[in-house]
Amino acid sequence: MDIETDGRFGNKRVHNRLGPGSGAGAPSSTTGKVCNFWRAGRCNRFPCPYLHSELPEAAAPPKRPAGPGGNVWRNPNSGGRGGGGGQNRWGKNPGRSGGASHKPADRPCKYFLAGDCSYGERCHYPHSYCISDSITMLTPLMGHEKVITGIALPAGSGKLYSGSKDGTVRMWDCQTGQCAGVINMGREVGCMISEGPWLFVGIPDAVKVWNMQTAAEMNLTGPTGQVYALAVANELLFAATQDGRILAWRFSATSNCFEPAASLAGHKLAVVSLVVGGVRLYSSSMDKTIRVWDLATLQCIQTLSDHTDVVMSVLCWDQFLLSCSLDQTIKVWAATESGNLEVTYTHKEEQGALALSGVPDAQSKPVLLCSLNDNTVRLYDLPSFSDRGRIFSKQEIRAIQMGPGCLFFTGDGTGELKVWQWVIDGAQT
């Protein structure tokens, strides 16, 4: 205790050096902060509005009991068979309950991603385009000025092709990584695929076709608006159009050209993705549905309506159909005993999903790549959906393409094309 006499108040003022918060009847701090003068041993205020004692350590939150191991979902509409295959093997990640399986990994420096971090090696954040032990970026390919919408590697050409909304198709030498030529399309490229020596490029109101072995060039008319997706099956070329139709051409060996074969109607809005699996063609649309088409009859045999927003991409893996949507989910579909597709597993994301691609890793294990609208790509093992890492970009990645060996490619909204390679135990394969 320090006792002081203060004539202004006509009484003795008691100053407790232990602070007003130390006694049972002492007043409490009005600020919840510790007095700096008390810490220095020279506070003479009474009552002091600050604490004259150190704050107690925060109590650790009680631990939640561990949840049931695994995330096994049974389809109630398929007799407990989980989509026609006994116990469901999707999403078996212990302790997870259907949410995004990735851990909150360290995010790379945002200034590095933008290309202007001034800290260099002194930066506290990773200077990397990925957070993963499984992949490494080999090189960026610069040249496009707008979002890349398609990547293809025609057989026998020795070239990598990329199409962009800047209205060009660029050819890249696979040995040197240098741009070997630019084709000016004059219109935004909506998509691009290759099949054997053929290169197909979707643009507004048409599909451009090149044969890289014979140098033959064709222009297929018929689409209305942008062509968002292309697929090849049963000697048919399918084009997904902005007006909701799917147009089909058949290659004629007699005339050595593609002739109109069919127009598949059913979607109410633009068709944005196509994939062929077995004897089926699957299409996804801005109308929030997926349609299943019989390749023999070209008739729609089922409409899938479980998504609640635009279905951006569909992918076939094994006997399953995978779909992703702006509703922040990836859905896995399996055939029931009746032959119809039903959802057998739903994986939740934290952002809208834009594109799906399946690639084998360095050990030939299947890995799902899912691009999200937070400028990242998630990597998941299949079928467990275990996290394999993330790819980061300046803008959204709209194009993902598997390459030869252990290579794959991504194209983002800035027009940057990146070459990636799978690695084993930190060593390039």
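Okay, let's start with Lys418: its relative accessibility is 2%, so this lysine counts as buried, where buried means under 20% relative accessible area, exposed over 50%, and partly exposed in between, with a 1.4 Å probe and protein chains only. Its partner is Asp412, and the two side chains meet in a salt bridge at 4.0 Å, N to O. By salt bridge I mean a side-chain nitrogen of Lys or Arg within 4 Å of a carboxyl oxygen of Asp or Glu. Asp412 is buried too, with a relative accessible area of 1%. Elsewhere, salt bridges with shared partners tie Asp361, Asp381 and Arg388 into one network.

Quick word on what we're looking at: this is a predicted model, where local features need pLDDT of at least 70 and side-chain atom pairs count only at pLDDT 80 or more, while totals for chains, interfaces and linings use all residues. Residues are numbered from 1 along each chain as its sequence is written, and side-chain values use heavy atoms, with hydrogens and water left out.

So how many salt bridges does the structure hold? Nine. Another one of them pairs Asp294 with Arg280, at 3.5 Å, N to O. That pair links distant parts of the chain, 14 residues apart: Asp294 sits in strand β19 (residues 290-294) and Arg280 in strand β18 (residues 280-285). Strands here are DSSP runs of E, at least two residues, and helices are H or I runs of at least four, numbered from the N terminus. Asp294 is buried at 16% relative accessibility, whereas Arg280 is partly exposed at 25%.

Stay there a second and look at Ile301, in strand β20 (residues 300-304). Leaving out residues up to four places away in sequence, Ile301 touches Arg280, Val292 and Asp294, contact meaning heavy atoms within 4.5 Å. So this isoleucine contacts both Arg280 and Asp294. From Ile301 to Arg280 is 21 residues in sequence and 9.5 Å in space, C-alpha to C-alpha. Ile301 itself is partly exposed, at 42%.

One more pair: Arg398 and Glu396 meet in a salt bridge at 3.1 Å, N to O. Arg398 is partly exposed at 39%, and Glu396 is partly exposed at 23%.

Now Ser164, in strand β6 (residues 159-164). Buried or exposed? Buried, with a relative accessible area of 0%. The side chain of Ser164 reaches the backbone oxygen of Lys146 at 3.0 Å. Beyond four places in sequence, the residues Ser164 touches include His144, Val147, Ile148 and Glu188.

Last thing, the largest pocket, with a volume of about 1,500 Å³. For the record, on a 1 Å grid over the protein atoms alone, a pocket is an open set of points where a 1.4 Å probe fits, with protein on both sides within 12 Å along at least five of seven lines, and lining residues have an atom within 4 Å of a point. Grid points are joined across faces, edges and corners, and the volume is the space filled by probe spheres set on them. Which residues lie nearest the centre? Of the 48 lining residues, those are Ile193, Ser273, Ser313, Leu356 and Ile400. Elements giving two or more residues to that lining include β5 (148-152), β9 (191-195), β17 (271-277) and β29 (397-402).

That's the tour, thanks.

Conventions. A polar contact is a pair of N or O atoms within 3.5 Å; within protein, one must be able to donate a hydrogen and the other to accept it, and residues adjacent in sequence count only if both atoms are side-chain atoms.
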